Amino acid sequence: MKILIIADEESKSLWDFYTPEKLAGVDLIISCGDLKAEYLEFLVTMSTARLLYVPGNHDTKYTTHPPEGCENIDGKVFTFGGIRFFGLGGSMKYGVEPYMYTEKEMRKKIWHSKVSLINNAGFDVLVTHSPARGYGDMDDLPHKGFECFNELMERCRPKYMLHGHVHATYGSRFKRVLNHPSGARIINGFERYILEIDENNKADMTKREIITRLIGAFL
């Protein structure tokens, strides 16, 4: 499966200077947030690919104008081509915008998603806007990652985590690809990144194992 990951900054190559071959062969587009709804709508219209997204902390307009023709997977497990994607949008809370959360609030968000996680026997790809704490994040509050994402990956053992929020223009703190102790490969999708996924390489958890790992967690 060929996946185009996008986040934070609209690609001029894909928008201003778009040509059809640039999206040729792409099966799925995943937005990790902070992108104009019009940009997502353009990409899903000009390609044959499905587009999944989570909102970023700056996507306040999504509350009144969500991207049409695109699937919001925030707080949900969505299966495409046999791969299970679980979305958690937003950033650490540093203001009053709708897509900002304290650590406690994000844990509660995961807790409310546990039925979906259990019914789907976990997930293969975690899609977020913010990084996990200590893995591609920064020390200032707006760009600090969520510790609960680390716990979620340790408990559910996904193959990938896709995120945005930390821009390549931030210098040495930007990390395109990292490895997590859980075994997940972490990818920062700033602007655009192509990921090839083997549909047979899935998180190997039974429903019973997921129940055992999640019971009592994220309270």
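Visitor: Which residues gather in a patch of negative charge on the surface?

Guide: D27, E196, D198 and E199 do. Asp and Glu count as negative, Lys and Arg as positive, and His and the chain ends are not counted. A patch takes residues with over 30% relative accessible area and no salt bridge, joining like charges within 9 Å, and nonpolar side chains (Val, Leu, Ile, Met, Phe, Trp, Tyr) within 5 Å. Each charge is placed at NZ of Lys, CZ of Arg, CG of Asp or CD of Glu.

Visitor: Is this model predicted, and what should I know about it?

Guide: This is a predicted model, where local features need pLDDT of at least 70, side-chain atom pairs count only at pLDDT 80 or more, and totals for chains, interfaces and linings use all residues. Residues are numbered from 1 along each chain as its sequence is written, and side-chain values use heavy atoms, leaving out hydrogens and water.

Visitor: Back to E199, where does it lie?

Guide: E199 lies in the loop between strand 13 (193–196) and helix 5 (207–214). Helices (H or I, at least four residues) and strands (E, at least two) are DSSP runs numbered from the N terminus. E199 counts as partly exposed because its relative accessibility is 33%; buried means under 20%, exposed over 50%, and partly exposed in between (1.4 Å probe, protein chains only).

Visitor: What order do the strands have in the open sheet?

Guide: The order is 4-3-2-1-13, with mixed pairing among the 5 strands. Strand 4 (71–72) and strand 13 are the edges, each pairing on one side only. Two strands pair if DSSP finds at least two bridges between them.

Visitor: How many bridges do strand 2 and strand 3 share?

Guide: Strand 2 (residues 28–31) and strand 3 (residues 50–53) pair in the parallel sense over 4 bridges. L28 has R50 in strand 3 as its bridge partner.

Visitor: New topic: how many salt bridges are there?

Guide: The count comes to 9, a salt bridge being a side-chain nitrogen of Lys or Arg within 4 Å of a carboxyl oxygen of Asp or Glu. K109 forms one with D74, the closest N and O atoms being 2.8 Å apart. K109 lies in helix 2 (residues 103–112) and D74 in the loop between strand 4 and strand 5 (77–80), so the pair ties together parts 35 residues apart in sequence.

Visitor: Are those two buried or exposed?

Guide: K109 is buried at 14% relative accessibility, and D74 is buried at 18%.

Visitor: Which residues are linked in a network of salt bridges?

Guide: R133, D137, D139 and R173 are. D139 and R133 meet at 3.5 Å, N to O.

Terms used
Areas by Shrake-Rupley, 256 points an atom, 1.4 Å probe, with all protein chains shown as cover.
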